[in-house]
Amino acid sequence: MSNFRYRLRGNPGPITVEDYHRRARRSVPDMVWAYIDYGADDMQTLAANRSAYARHMLRSKVLVGNEAIDIAVTVAGQRLSLPVLLAPTGLVGLSHWRGEVGAAQAAEQAGTLSILSTASSYSFEEVAAATEQDHFVQLYPWTDPSTGRHDLTKSFIERARNAGYRAMFVTVDAPTSGNRESERKRGMGRPPTITPLRALNAATRPAWTVGFLRHQRISARNILDAGGARAAMRSIGTQIQMMRPDLVWDDFAWVRAHWDGPLFIKGVLDADDAARAVDLGATGVVVSNHGGRQLDGAVATLDALPAIAARVGDRAEVLLDGGIRRGSDIVKALCLGATAVCIGRPYLYGMAAAGPAGVRHVIEILRQEMTRTMTLMGVGSVKELERSWLLPAGRPT
Ligand SMILES: Cc1cc2nc3c(=O)[nH]c(=O)nc-3n(C[C@H](O)[C@H](O)[C@H](O)COP(=O)(O)O)c2cc1C
């Protein structure tokens with residue numbers, strides 16, 4: 001529905017992440033929606049990520065006299081105006097043609113940073129050139145079957161370093177592709193299948209279709225640019241050949257040896273794994289199950305967080321992603337030991353519904369909700385958030 005019709009009905013337009021969710025659904029073709037929004041198999045982990053927040057209730061203290069609420073944090077040496085980063089998501093150009101460039105610009109305008117995916121629709125170099133800040137970058141330690149074990153990974157690391165990225169996030173929860181049946185059923189298999197009906201469906205989203213046809217930001221640019229891998233990696237379908245079920249801790253140590261800056265391991269749900277990564281020199285860990293897109297049945301990230309924070313929180317930064325849709329979710333994650341959170345789908349909803357302005361608005365919504373939540377709780381600063389602010393839902397205090 002156009003903005004005009006919204007206003008005519010007295011509707012203020014999107015004011016929550018869920019509003020952007022609904023708008024995004026109507027803005028992109030069904031195939032793309034399946035890629036953005038769905039998860040693996042029965043999507044139990046996708047649902048669990050979300051429902052975990054409702055099991056924790058917030059304490060509140062009255063008449064505490066807080067005025068300014070301080071929600072700034074530091075991640076990898078970078079001060080952020082709020083504890084929210086944009087998670088790496090592949091092919092943001094499918095949501096909106098402005099893709100990762102628009103998302104990273106929106107993040108920095110909001111005083112935070114974006115983590116650029118290896119599988120981005122704009123290259124490492126394009127995003128770096130279009131932004132003021134040194135953003136973060138995510139690494140899939142992929143192999144080009146036609147070259148040596150680490151050659152492709154090494155080229156990604158060198159390009160990311162030369163382009164000026166500040167911190168690297170190595171994703172380790174994708175040794176193979178998750179079973180995203182819902183995507184395949186809607187044509188987003190590998191490779192995607194376009195039928196006349198699907199083309200017709202796309203035509204009902206004219207703004208998306210014009211952007212798609214004019215800008216063609218639909219393939220993983222870093223891989224297309226990766227010289228030797230170029231021919232082999234032309235289609236989304238062949239990316240799967242680069243995924244590596246044989247990855248071991250030595251490979252993580254190898255990345256550590258080749259990247260001088262802050263290094264995070266992304267996709268950890270086990271405290272022993274987190275400790276091992278930190279022992280190998282990780283600056284931090286991202287407690288993540290890839291937004292329920294990989295192992296269905298994996299534990300909700302909020303449930304995995306406390307043990308990991310207890311094990312490594314005194315010597316590493318602990319980030320969390322998965323299911324954050326409200327400012328109060330962020331508060332709960334920080335109470336359970338996270339330094340900051342990353343959002344994936346929420347900013348893709350903003351992107352799909354309204355381009356970079358939608359991403360900025362989603363971040364502002366979360367900032368306002370978080371600040372209001374803390375004001376109502378009687379907490380003045382994120383530094384004060386700790387487990388004692390939470391109560392189990394349904395139990396007397
Ligand atoms: C469409 C989509 C693409 C993604 N692509 C990547 C990726 O390329 N690399 C990566 O490490 N994680 C990827 N993720 C996972 C996100 O980084 C993040 O873990 C997840 O989205 C967090 O859950 P949320 O969407 O509920 O916020 C992707 C997630 C989505 C939704």
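Which polar side-chain atom lies 2.7 Å from an oxygen atom of the ligand? The views below get to that, starting with the surroundings.

**View 1. The shell around the ligand.** This is a predicted model, where local features need pLDDT of at least 70, side-chain atom pairs count only at pLDDT 80 or more, and totals for chains, interfaces and linings use all residues. Residues are numbered from 1 along each chain as its sequence is written, and side-chain values use heavy atoms, with hydrogens and water left out. Look around the ligand and you'll find 24 residues, with Pro88, Gly90, Ser117, Thr171 and Asp321 the closest (a residue counts if one of its heavy atoms lies within 4 Å). Helix H17 (345-377) gives the largest share of this shell, 3 residues; helices here are DSSP runs of H or I, at least four residues, and strands are runs of E, at least two.

**View 2. Polar contacts with the ligand.** Here's the reply to the opening: the atom belongs to Asp321. Backbone N or O atoms join in too, with Gly90 at 2.9 Å from a ligand nitrogen and Gly344 at 2.9 Å from a ligand oxygen. For these pairs of N or O atoms, the cut-off is 3.5 Å. The protein buries 98% of the 600 Å² that the ligand exposes when taken alone (Shrake-Rupley method, 1.4 Å probe).

**View 3. A stacked pair of rings.** Phe136 and Phe169 are stacked because their ring centres sit 5.7 Å apart with planes at 25 degrees (centres must lie within 6.5 Å, and planes under 30 degrees apart count as stacked). Phe136 is in strand S6 (residues 136-139) and Phe169 in strand S7 (residues 168-171), so the pair ties together parts 33 residues apart in sequence.

Technical notes
A polar contact is a pair of N or O atoms within 3.5 Å; within protein, one must be able to donate a hydrogen and the other to accept it, and residues adjacent in sequence count only if both atoms are side-chain atoms. Rings of Phe, Tyr and Trp (its six-membered ring) pair if their centres lie within 6.5 Å; planes under 30 degrees apart count as stacked, over 60 as edge-to-face and the rest as tilted.
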